Amino acid sequence: MQQEKFSELVMLTRKAFEEICMELVSCEFSPCERFILEYPYKTAVIIGMTGSVNGRIHLECDLETAAKIALTMNFGERFDNPNDVYAYMAEFANMIGGRATTYMSEKFLGGEIRLTPPAIFSGKSLGILTPNIPSQIVYYSGNLGRFFIDIGYK
Amino acid sequence: MTTEISLKEPLIQACSELLPKFGLKYSFVEEISEKTLNSAESINLLVGLNHGIQGNIILGLTSQAALRIVAGIIGEDEVFTLDNQGRNALSDFMTMIARKAVSKLEISTAVDISPPTLITGDTVFSMISKIPSQKLSFNLENTTFSISYCIE
């Protein structure tokens, strides 16, 4: 993929992330310096993209930040089932992916872009990579915690 | 009218066509229904499906199974660490399994497969869908592997 188009796709994904965070959980996440998530349990959501854009978006934060986002999405009401946090994170990522593909379709007219269902992984020492896909990681910080997005397209 | 699509037989057939090519002896054990949130293996490969069908497939491997499959693919007797070459080999293997499996589905629309993502870690849990998934378990020589799938 041309560097220019790759950069454009990354920019549109970042724009989608920042907008959805503001609209959905009223949190302004700002780009920040690289960091290492300290809390041992991490939560990662992966959404694949196919069609005219082939790639994936990987969102990752610690479990505490995920719980805060889910709680905010649930209007502050505690969950009956603690695992609902993951379902909310899946929906959160799905909305970011949906917004990003809308922007990409508008920008690069021609060809449909499709999302695969979000898959969530949680655990200690998570390592996630997509071989042979160039990617860029963007680090974010906000009042709900810290996040990084690993955006990969080929 | 809707017809339920299962990936069970296509995935078992895909394994039967691919694993022996790499000199891997395996046997299918069972299929079980899982909850939405499940414990996963220490090495997992994920591909997403869309267009013809929507869903996810995860290949779950023990470290031993991952190294054995890599050795089979690259034609070595034994492999001791999962390096870049190994990760690429597993990624290609996952794509082959998924492509073969979906090609056996009797549906009129082509299915798109997302690039495989490798997920490693300790005490890993996964949720590949809001609805319960199915898990196919296999024996692989002295170890095991699994393929979980969900079609929404």
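Me: In what pattern do helices and strands follow one another along the sequence of chain A?
Reply: The model is predicted, so local features need pLDDT of at least 70 and side-chain atom pairs count only at pLDDT 80 or more, while totals for chains, interfaces and linings use all residues. Residues are numbered from 1 along each chain as its sequence is written, with chains lettered from A and ligands numbered from 1 in the order in which they are written. Helices (H or I, at least four residues) and strands (E, at least two) are DSSP runs numbered from the N terminus. Chain A has 3 helices and 7 strands, and their order reads α-β-β-β-α-α-β-β-β-β.

Me: What percentage of the residues in chain A is buried?
Reply: A residue is buried if 20 or more other C-beta atoms, placed from the backbone, lie within 10 Å of its own. In α3(A), the buried residues include V85(A), F92(A) and M104(A). Of the 154 residues in chain A, the buried share is 43%.

Me: Which element of chain B gives the most residues to the side that touches chain A?
Reply: Contact requires C-beta atoms, placed from the backbone, within 7 Å. The contact takes 32 residues from chain B and 32 residues from chain A. With 11 residues, the element that gives the most to this side of chain B is β6(B).

Me: Which residue of β6(B) stands opposite K124(A)?
Reply: Strand β5 of chain A (residues 119-129) pairs with β6(B) in the antiparallel sense over 7 bridges, where pairing needs at least two DSSP bridges between the strands. Opposite K124(A) stands D122(B).

Conventions. Two residues are in contact if their C-beta atoms, placed from the backbone, lie within 7 Å. A residue is buried if 20 or more other C-beta atoms lie within 10 Å of its own, exposed if 12 or fewer, and partly exposed in between; C-beta atoms are placed from the backbone.
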